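Here are my notes on this model, point by point. Please read them with the structure open.

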Amino acid sequence: MNNVRSAWLLNRTDAGGGQTRVDTRLAPLGTMAPEGVLATRDGVIPGAQNGLRALDGLYVSGDQGMTGKVTPGRAVVQGTEPAGSYPVAVTDYVPLTFADGDPNNPRVDLVVLRVYDAQQDTSNRTEAVVEIVQGVPGTNPAAPATPRAAIALAEVTVPAGASAGKGGINWDTVRDRRRATVAVGGIIPRGWGQNFPGGYVGQYRDTGTSLERWDGTQWKPYPEPRAVWRDYTPEWGADNGPAPRIGNGALSGRYLHDGSVVHFTAGLRIGSTTNWGGAGKNGNWWLSLPVRPTGPAINGHLKARVDNGYYHGGCFLEASRHVNGSACGWTSNNGDGTPSGGWMDADWPRSVGEGNWFTVFGTYEAAE
């Protein structure tokens, strides 16, 4: 019984036999992940005992010396686009025997699952096989190219002078070349190589730690990373008089830009060398916003500590006074919560000395 089977219809009179019912049941069916209108992403069908791994099928491992084996599994092998893809099932372990090593240099052999189709190639064969494509010895050997209508399973390094009686193959150095394929709409598990394009917009793949979605030009994290709070340093200005200078005071800000919504807080602390002007010199202070707002000015909030008193009030969030807009028009409330009617700036009837601070904060719609 042939342990490597491909479920494509053959002429029933062909000496190699036709597609059997068992072939049809064992081989993968259905429309697999596309790589084009007629082409299929080839690879190994995921699956593992007890779900412990992504891929158990068609794994290449060593026995001893120069021999190894390939585990049972299922795969899809893409031929040329006109030839179509071949569903294949390997129903039992397939033994591998590697040729002895070159006397002087190592080489890298490639283990492949390959389909021969006499109607599509010049092999005069019609069968699916697991075979070894022998590499070229060299000081820095490379694996040979994967043949047409084949998928790579593993790269096996054969040391110089290796043989069954002389050390054989170091199976710990085998490079797993398997990649996964799934039915259309399925999530492709991580396998050999991540540098491949998606087959259609909306396709998903597993990176090993998260999901990515193909957007037509690139793989992007899915869901897209949530916005995080970021630092920014606001600018301090005034509508009237010379611009204030922070000196050894402090300006600080934090914001979160999530889609069209911006949450922010910006603070001003007066230092001993801060030039805030004084009454009649600097009027209508403002702090710049982190992201330019859209639409008409909206209400923001203000907190302040001045002369050991704590004040609450409001401000306006609008698009003028700075490239990113500003929080301006600071006002405080009376003790009973009613507006005091005066701007909280250098003209405010209280001193603005060292250590006093002002904070504006709010939420608004971003212009971009």
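1. Secondary structure. The protein chain has one helix and 24 strands. Keep in mind throughout that this is a predicted model.

2. Overall spread. How does the radius of gyration of the protein chain compare with the globule rule? The value is 35 Å, while the rule gives 21 Å for 368 residues. The chain is therefore more spread out than a compact globule. Along the principal axes, the C-alpha atoms fill a box of roughly 105 × 50 × 35 Å.

3. Burial and contacts. Of the 368 residues in the protein chain, 42% are buried. Take the contacts between residues at least 6 apart in sequence: 61% of these join residues at least 24 apart.

4. Surface and charge. The protein chain has an accessible surface of about 19200 Å². Carbon and sulfur atoms account for 49% of that surface. The chain carries 32 positive and 34 negative charges. Their mean positions are 2 Å apart.

5. Aromatic pairs. The structure contains eleven aromatic pairs. One of them joins Phe-98 and Trp-171. The geometry is edge-to-face, with 5.8 Å centre to centre and 65 degrees between the planes. Which parts of the chain does this pair link? Phe-98 sits in the loop between strand 7 (94-97) and strand 8 (107-117). Trp-171 sits in the loop between strand 10 (150-158) and strand 11 (175-176). The two residues are 73 residues apart, so the pair links distant parts of the chain.6. Burial at this pair. Are Phe-98 and Trp-171 buried or exposed? Phe-98 has 3% relative accessibility, so Phe-98 counts as buried. Trp-171 has 19% relative accessibility and also counts as buried, because the cut-off for buried is under 20%.

7. A second pair. Trp-330 and Phe-358 form a tilted aromatic pair. Their centres are 5.8 Å apart, with 35 degrees between the planes. Trp-330 lies in strand 22 (residues 326-333). Phe-358 lies in strand 24 (residues 357-365). The pair therefore ties together parts that are 28 residues apart in sequence. Both Trp-330 and Phe-358 are buried.

8. Aromatic cluster. Which residues join Trp-330 and Phe-358 in one aromatic cluster? They are Trp-236 and Trp-285.

Note on methods
Residues numbered from 1 in each chain as written. Predicted model: local features only at pLDDT ≥ 70, side-chain atom pairs only at ≥ 80, totals over all residues. Heavy atoms only, no water. Helix = DSSP H or I, 4+ residues; strand = E, 2+ residues; numbered from the N terminus. Rg over C-alpha atoms; globule rule 2.2 N^0.38 Å. Buried < 20%, exposed > 50% of the residue type's maximum accessible area, 1.4 Å probe, protein only. Contact = heavy atoms within 4.5 Å. Areas by Shrake-Rupley, 256 points an atom, 1.4 Å probe, with all protein chains shown as cover. Lys, Arg positive; Asp, Glu negative; His and termini not counted. Charge placed at Lys NZ, Arg CZ, Asp CG, Glu CD. Phe/Tyr/Trp six-rings, centres within 6.5 Å; stacked < 30°, edge-to-face > 60°.
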